[in-house]
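Welcome, and please get your viewer ready. We will start at one helix pair and then zoom out to the whole chain.

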Amino acid sequence: MTSDTVFKYFPDLTAQQRTQIEQLPELYNLWNSQINVISRKDIDLLYERHVLHSIGIAKVMPFLQGESVLDVGTGGGFPGIPLAILFPETSFYLVDSIGKKIKVVQEVAKGLGLTNVRASHLRAEQVDEKFDFVVSRAVTQLKDFYPWIRGKFKKESKNILPNGLLYLKGGNLEQEIKESGLKVTQYYLKEYFTEEFFETKQVIYVKG
């Protein structure tokens with residue numbers, strides 16, 4: 001899979017955004033060889049399993065100029081880095097409890113010339129700021145994850161959905177959602193992307 005797959009679904013990207021997306025494999029191959037943050041089999045499928053999956057959130061929520069987004073448990077920078085490419089006027093704060101992963105995030109962001117990304121070696125509970133949205137990718141069960149970010153949302157909402165959590169998850173989530181006790185809206189990525197990988201992938205929205 002090449003960058004063309006991304007451009008097919010996001011045809012209105014600027015020349016700079018296209019260049020940044022095309023730079024991702026080279027940067028991740030370089031840093032992954034030093035600090036392993038993406039499994040070997042997945043690095044060859046970077047555009048599908050990491051980039052396109054991350055920006056599935058953009059199909060649900062087009063972030064606005066001046067908004068702030070917290071990416072919890074970002075790992076090597078997903079979904080935060082691809083979203084930051086798509087929304088250069090939105091500020092992204094990427095955090096992870098594993099320091100070496102944050103090193104990769106910082107180096108990739110620097111290599112791409114992203115000025116709207118900062119990254120810290122922190123647990124979500126240690127973040128002492130408020131945001132418009134929180135994003136994350138399958139860090140843990142919803143019932144365990146949500147308490148970490150409760151109270152981290154700004155009161156005033158400006159976007160098409162009220163401020164809240166946009167969580168990338170896969171599989172049958174009926175039991176997990178029930179156990180969380182949260183009011184959830186499910187957006188199915190197969191409605192936006194035709195690749196088989198997205199058949200069971202969802203963006204879970206919870207109002208903050």
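Contact here means heavy atoms within 4.5 Å, and helices (H or I, at least four residues) and strands (E, at least two) are DSSP runs numbered from the N terminus. This is a predicted model, in which local features need pLDDT of at least 70, side-chain atom pairs count only at pLDDT 80 or more, and totals for chains, interfaces and linings use all residues. Residues are numbered from 1 along each chain as its sequence is written, and side-chain values use heavy atoms, leaving out hydrogens and water.

**Stop one: the helix pair.** Select Q20, Q23, L24, L27, Y28 and W31 in α2, then add K103, V104, E107, V108, G111 and L112 in α6, which they meet. Seven of the residues in this contact are nonpolar (Ala, Val, Leu, Ile, Met, Phe, Trp, Tyr, Cys and Pro), two are charged (Asp, Glu, Lys and Arg) and three are polar (the others, Gly among them).

**Stop two: the axes.** Now show all of α2 (residues 15-32) and α6 (residues 99-112): their axes come within 10 Å and cross at roughly 140°. Axes are lines fitted to C-alpha atoms, for helices over the stretch in contact, with angles from 0 to 180 degrees between N-to-C directions.

**Stop three: the whole chain.** Zoom out to find eight helices and seven strands in the protein chain. Its C-alpha atoms fill a box of roughly 40 × 35 × 30 Å along the principal axes. Colour by burial next: 54% of the 208 residues are buried (under 20% relative accessible area, 1.4 Å probe, protein chains only). Finally, draw the contacts between residues at least 6 apart in sequence; 69% of them join residues at least 24 apart.

Technical notes. Buried < 20%, exposed > 50% of the residue type's maximum accessible area, 1.4 Å probe, protein only.
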